[in-house]
Amino acid sequence: MLDSLKGSNMRDVYIVTGSEDGLIGVYSSLKKAKERALQYVTQDGNREGSMSHEYSDYYNWFFEADESSTTASVAREEVQ
């Protein structure tokens, strides 16, 4: 039934939120949203020397880095 309700008018967007800055961005691509969240937790996007961790369920992804208390989340939302 959910598939019939979703139809062609519904789209997924991905909302990236940072622990220090709040809303970071809204993306139509999960890949780009996750890249932005990872960049946020590793500060300048340099992954060397900083191990990041990703946790997820169907609608949410959470990112954190070992060397920082900064976290980011990506939430999937359906919009018309």
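## Working through a predicted fold

In the protein chain, confidence bottoms out in helix α1 (residues 2-6), with a mean of 54, and peaks in strand β2 (residues 22-27), at 96. Those figures are pLDDT, the predictor's confidence in each residue, from 0 to 100. This is a predicted model, where local features need pLDDT of at least 70, side-chain atom pairs count only at pLDDT 80 or more, and totals for chains, interfaces and linings use all residues. Residues are numbered from 1 along each chain as its sequence is written, and side-chain values use heavy atoms, leaving out hydrogens and water.

**Exercise 1. Work out how confident the model is and lay out its secondary structure.**

Step 1: start with confidence. The mean pLDDT of the protein chain is 80, and 78% of its residues reach 70 or more. Where pLDDT is low, the predicted coordinates should not be read in detail.

Step 2: count the elements. Helices (H or I, at least four residues) and strands (E, at least two) are DSSP runs, numbered from the N terminus. The protein chain has 2 helices and 5 strands, in the order α-β-β-α-β-β-β along the sequence.

Step 3: check burial. Buried means under 20% relative accessible area, exposed over 50%, and partly exposed in between (1.4 Å probe, protein chains only). Of the 80 residues of the protein chain, 28% count as buried.

**Exercise 2. Find the salt bridge and say which parts of the chain it links.**

Step 1: apply the rule, which asks for a side-chain nitrogen of Lys or Arg within 4 Å of a carboxyl oxygen of Asp or Glu. The whole structure gives 1 salt bridge.

Step 2: name the partners. R76 pairs with D12, and their closest N and O atoms are 3.9 Å apart. The two sit in distant parts of the chain, R76 in strand β5 (residues 71-79) and D12 in strand β1 (residues 11-18), 64 residues apart.

Step 3: look at burial. Both R76 and D12 are buried.

**Exercise 3. Which residues make up the largest nonpolar core, and which element gives the most to it?**

Step 1: set the rule. A nonpolar core is a set of buried Ala, Val, Leu, Ile, Met, Phe, Trp, Tyr and Cys residues joined through side-chain atoms within 4.5 Å.

Step 2: list the members. The largest core has 12 residues: Y14, V16, A33, A37, L38, Y40, V41, W61, F63, A65, A72 and V74.

Step 3: sort by element. At least two residues come from each of β1, α2 (30-41), β4 (60-65) and β5, and α2 gives the most, with 5 residues.

Step 4: zoom in on one member. Contact means heavy atoms within 4.5 Å. Not counting residues up to four places away in sequence, A33 touches Y14, V16, Y27 and V74.

**Exercise 4. Why does the aromatic pair of Y14 and W61 get its label?**

Step 1: recall the rule. Rings of Phe, Tyr and Trp (its six-membered ring) pair if their centres lie within 6.5 Å; planes under 30 degrees apart count as stacked, over 60 as edge-to-face and the rest as tilted. That gives a count of 1 aromatic pair.

Step 2: plug in the geometry. The ring centres of Y14 and W61 are 6.2 Å apart and the planes sit at 65 degrees, so the pair is edge-to-face.

Step 3: place the rings. Y14 lies in strand β1 and W61 in strand β4, so the pair ties together parts that are 47 residues apart in sequence. Y14 is buried at 8% relative accessible area, and W61 is buried at 7%.

**Exercise 5. Are G18, L30 and E20 buried, partly exposed or exposed?**

Step 1: take G18, found in strand β1. G18 is buried because its relative accessible area is 6%. Beyond four places in sequence, G18 is in contact with I24, Y40, T71 and A72.

Step 2: move to L30, in helix α2. With a relative accessible area of 22%, L30 is partly exposed. Leaving aside neighbours within four places, L30 is in contact with Y14, W61 and V74. The C-alpha atoms of L30 and Y14 are 6.2 Å apart, with their positions 16 residues apart along the chain.

Step 3: finish with E20, in the loop between β1 and β2. E20 is exposed because its relative accessible area is 55%. Leaving aside neighbours within four places in sequence, E20 is in contact with Y40 and T70.
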